[in-house]
Amino acid sequence: NYKMNSLIPNMTSTNTPSGIVESNDYYSGREPFHAFTGNIPNANTGDDYWFSIHNNSWISYTWENDILIGYAEFYKKTQNEFKIQYLNNGEWRDIATIQKTGNRDEFEKIVLYFPNILSAAT
């Protein structure tokens with residue numbers, strides 16, 4: 001359960017206003033685009049975040065054009081861990097692994113700065 005705000009527009013559906021949001025699973029009412037609404041997620045009300053059903057779930061946002069990424073902001077629950085990856089010539093490459101930092105049902109903000117600016121379509 002996390003949220004990314006950076007170069008992604010505030011999404012209102014899977015492909016609106018631009019780009020495409022996908023995932024391999026989600027809980028009803030917590031579709032993948034909820035991770036990109038532009039709001040801070042709220043663990044108390046359950047608003048504004050994607051919720052996956054299984055372990056090893058993934059979510060992606062595909063831009064319409066290649067972009068340069070210098071940093072990204074994420075909100076994640078303290079009991080979750082995840083990887084950030086990008087697609088390069090058909091191969092997924094790891095950028096970072098974010099570890100579990102607690103056991104509480106609350107969100108924490110993470111800001112990642114990439115030392116080498118990446119050009120990525122996904």
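## A quick tour of the chain

Start with the whole chain, and colour it by confidence. This is a predicted model, with a mean pLDDT of 80 and 88% of its residues at 70 or more.

**Stop one: the confidence extremes.** Select residues 20-23, strand β2: among the elements of the chain, this one has the highest mean pLDDT, 92. Now jump to residues 2-5, strand β1, where the mean pLDDT is the lowest, at 45. Widen that selection to residues 1-5 and you have a stretch where pLDDT stays under 50, although the model gives it 35 contacts beyond four places in sequence. Residues 117-122 are worth picking next: pLDDT is below 50 here too, and the stretch has 26 contacts in the model beyond near neighbours in sequence.

**Stop two: Asp25.** Go to the loop between β2 and β3 (59-62), and pick out Asp25. Is Asp25 buried or exposed? Asp25 is buried, yet it has no salt bridge. Show Arg30 as well: this is the nearest side chain of opposite charge, and it is 12 Å away. So what does Asp25 touch, leaving aside its neighbours within four places in sequence? Light up Trp50, Ser52, Ile53, His54 and Ser57, which are in contact with Asp25.

**Stop three: a nonpolar patch.** Switch on the surface and select Tyr71, Val111 and Tyr113. Together they make a nonpolar surface patch of about 330 Å². Zoom in on Tyr113, which is found in strand β7 (residues 107-120). Why does Tyr113 count as exposed? Because its relative accessibility is 63%, and the cut-off for exposed is over 50%.

How values were computed:
Residues are numbered from 1 along each chain as its sequence is written. Side-chain values use heavy atoms; hydrogens and water are left out. pLDDT is the predictor's confidence in each residue, from 0 to 100. Helices (H or I, at least four residues) and strands (E, at least two) are DSSP runs, numbered from the N terminus. Contact means heavy atoms within 4.5 Å. Buried means under 20% relative accessible area, exposed over 50%, partly exposed in between (1.4 Å probe, protein chains only). Lys and Arg count as positive and Asp and Glu as negative; His and the chain ends are not counted. A salt bridge is a side-chain nitrogen of Lys or Arg within 4 Å of a carboxyl oxygen of Asp or Glu. Patches are made of residues with over 30% relative accessible area and no salt bridge: like charges are joined within 9 Å, nonpolar side chains (Val, Leu, Ile, Met, Phe, Trp, Tyr) within 5 Å. Accessible areas come from the Shrake-Rupley method with a 1.4 Å probe; for residues, only the protein chains shown count as cover.
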